[in-house]
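Trainee: I should like a close look at a single part of this structure, with its surroundings set out in a connected way. Please relate each local feature to its burial and to its place along the chain.

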Amino acid sequence: MSTVFKKFSKSDISITPFTAHKQSKFTSASLASNKGNFYSSSYPTVSYKNGTGFEWARSSSASDPNNHKKYFQLDHLFYRNSKLDYVNKFSTINYYDHYRILYDKVNILSLPYKTIGYKIKTESFSLTQNSINIKDDGKGHLYDTKYGTISLTTNTTNFKNEKFRIFYLGPQNGHKLYNLSLINGKQQVNFNSFYSKGDLTDNSFLFNPIEYISCSFSSTLIDGGGYPVINFDGISSNIVSPHNSIYNFNGDNNFAISFLVSSSNSNPNNDLKKYLLSKSTTKTIIPLIPGSGPGSSTFSTGSFQSKEVEAEPQFPFEIYYQSSSIHFDRFDGNKTSTVSTISTSSNSDMLHIICQKTGSTLELYVNGVKQITAVDKTNQSQNKANLYIGSKGGLTNFFTGSMSQIMIFEDSLSQTQINSLSQSIDNKPYIGNVFYDKGIATITKPNYQDILNPGNSNDFTLQYQGTHLIYENEYQCMAERHEYDFTLNPSVRKIRSKDSEDLADFATGSNFRPYVTTIGLYNDEGELLVIGKLGQAIRMTDEADTTFVVRYDT
């Protein structure tokens, strides 16, 4: 008689991991009861360092004492220097695929850990509040579906591709300079109320160098959200970016310049030209010092110092206010092409301006609507002038007012792209981010701060799929032809008792073979761990080996 138990060899056992996705659905009311939550957090607007103690200031709009801690933790982990620290932040080198920006406020959604498994399944996140539907694109962005569907393999054509945006100045970190007496929440001594600093870069992926000169920053409501703007005092405030040939748009080049600007109603002496953007007037050179040249040393001739001098007369663009109108000019040294339109507002709202050249036409848009066109007659307009914002060459015609979201594209924009840019403010459909493996989602865009806002009466509905790692355990239970050929079932005894040894007559013949209905897996102590029931009884045979495969998931 065979033994009842048989040990497995290593070759009989295999463990295969696989993932399964489980759908979860919550409302803003049910999330907390399921161990999830949502928070608001903000950058501190008052000093949090007080004497010898370390105290966190509370926001005037939130009673959570950890308000600013959450902000700094998010910034440190996911947002700070995300473009420069690309591989560590994203574990990839696919530039332009990831976009992270943290303004002065952020709403945070923390999902129940048990529901996400080891990560949220990409392209499964959906959050709906009233008429707004937000989804993830599989790359870690949350986007508003009114701009179309975005996924890992498809992208919306409603926006000009980031690769064409060769200059971008939000300023994205302007909120950190609203109060120049504070730096990262620390009170400064002997601070200046105007900000001047070089060795900075713009917010594009090209990292164009810029220098602020006597500027200040504040928050302005744009489409219902508080965005940082740059303030120019009309006396000396301006921004300069060194000459770059990519801004030299000749007669055969299409380009577009977009920015938000305060109405000319607030600009005094508007009969004079008040320059907004220009690549003209002044260039930076390193002059030759007498006696210098090939083979000479700077030790004997002195150090080479940069110098501002008059630039070439031609220029690819000048954009300025004059007499309540905005003007867009180009000059090739002989011919001037210009287009202008009245651009005032009856209220304090900022105007969205687009000046672009498409083919042989100059176009000027205000708030997404084409105002006027003109024929571009210029040819070669390239120069070596620096790019100036808020002044004419950093010397004269200083602008009074505010600007924000300053962009230069090395191609023209379609009407659809102009509409999307005007509505989105930053030329992106993204309103926040989702961190799949952390179970955290953030709403960062200022004009979407009513979503996930604690205390807000507008409820939301949330659904997503958690990715759960499951192991398939497979045991091959092989019975050789001489094994398991006897049964202890009392039904084969003359006296139906397990204690009886006399077999019934039908069980004494050579044709009798027991049937298998149940297979059990035991540990070394003989404890039953897994039991498998066959859907149909299987008759054992002495002519061949029999293998039963038992699979179960853990």
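Mentor: What follows treats helix 1 and its charged residues, and then the other local features. The model is predicted, and every value below is computed from it.

Helix 1 covers residues 67–79 and has 13 residues. From its first C-alpha to its last it reaches 17 Å, close to the 18 Å expected at 1.5 Å a residue. Its buried residues are Asn67, His68, Lys70, Tyr71, Phe72, Leu74, Asp75, Phe78 and Tyr79, a list that holds charged as well as aromatic side chains. The cover over these buried residues includes strand 2 (37–42), helix 2 (86–90), strand 5 (105–110), strand 29 and strand 30 (440–443). Following helix 1 comes Asn81, whose phi is positive, near 55°.

Asp75 deserves separate attention. The side chain of Asp75 meets that of Arg80 in a salt bridge, with 3.3 Å from N to O. Side chains of opposite charge can pair when their charged atoms come close. Asp75 has a relative accessibility of 6%, and because buried means under 20%, Asp75 counts as buried. Arg80, by contrast, has a relative accessible area of 36% and is partly exposed. The pair therefore joins a buried acid to a partly exposed base.

A second salt bridge links Glu162 and Lys428, whose closest N and O atoms are 2.9 Å apart. Glu162 lies in the loop between strand 9 (141–144) and strand 10 (165–169), and Lys428 in the loop between helix 5 (415–424) and strand 29 (430–435), so the pair ties together parts that are 266 residues apart in sequence. Both Glu162 and Lys428 are buried. Strand 29, which borders the loop of Lys428, is also among the elements that cover the buried residues of helix 1.

A further pair is formed by Asp332 and Lys335, whose side chains meet in a salt bridge at 3.5 Å, N to O. Asp332 is buried at a relative accessible area of 12%, whereas Lys335 is partly exposed at 32%. Salt bridges that share partners also join Asp75, Arg80 and Lys176 into one network, which returns the account to the acid of helix 1. In total the structure holds 18 salt bridges.

Which covalent links between cysteines are present? The structure holds zero disulfides. Two of its cysteines may be placed by burial: Cys355 is buried, with a relative accessible area of 0%, and Cys477, at 13%, also counts as buried.

The loop between strand 10 and strand 11 (182–183) contains Leu180, and Pro171 is found in that loop as well. The peptide bond from Gly170 to Pro171 is cis, with omega near 0°. Leu180 is buried at 14% relative accessibility. Beyond residues up to four places away in sequence, Leu180 touches Phe191, Asn192, Ser193, Phe194 and Tyr195. With one of these, Ser193, the C-alpha separation is 6.0 Å, although the two residues are 13 residues apart along the chain.

Two residues other than glycine have a positive phi and sit in loops. For Lys35, phi is near 70°; Lys35 is in the loop between strand 1 and strand 2 and is exposed, with a relative accessible area of 71%. For Ser324, phi is near 65°; Ser324 is in the loop between strand 21 (315–322) and strand 22 (325–331) and is partly exposed at 24%.

The surface supplies one last feature. Phe8, Ile13, Ile15, Tyr118, Leu469 and Tyr471 make a nonpolar surface patch of about 540 Å². Strand 1 (13–27) and strand 31 (461–479) are the elements that give two or more residues to this patch. Leu469 lies in strand 31 and counts as partly exposed, at 43% relative accessibility.

Technical notes
Residues numbered from 1 in each chain as written. Predicted model: local features only at pLDDT ≥ 70, side-chain atom pairs only at ≥ 80, totals over all residues. Heavy atoms only, no water. Disulfide = S-S within 2.5 Å. Buried < 20%, exposed > 50% of the residue type's maximum accessible area, 1.4 Å probe, protein only. Salt bridge = Lys/Arg side-chain N within 4 Å of Asp/Glu carboxyl O. Helix = DSSP H or I, 4+ residues; strand = E, 2+ residues; numbered from the N terminus. Patch = residues over 30% accessible without salt bridge, like charges linked within 9 Å, V, L, I, M, F, W, Y side chains within 5 Å. Areas by Shrake-Rupley, 256 points an atom, 1.4 Å probe, with all protein chains shown as cover. Expected span 1.5 Å × (residues − 1). Contact = heavy atoms within 4.5 Å.
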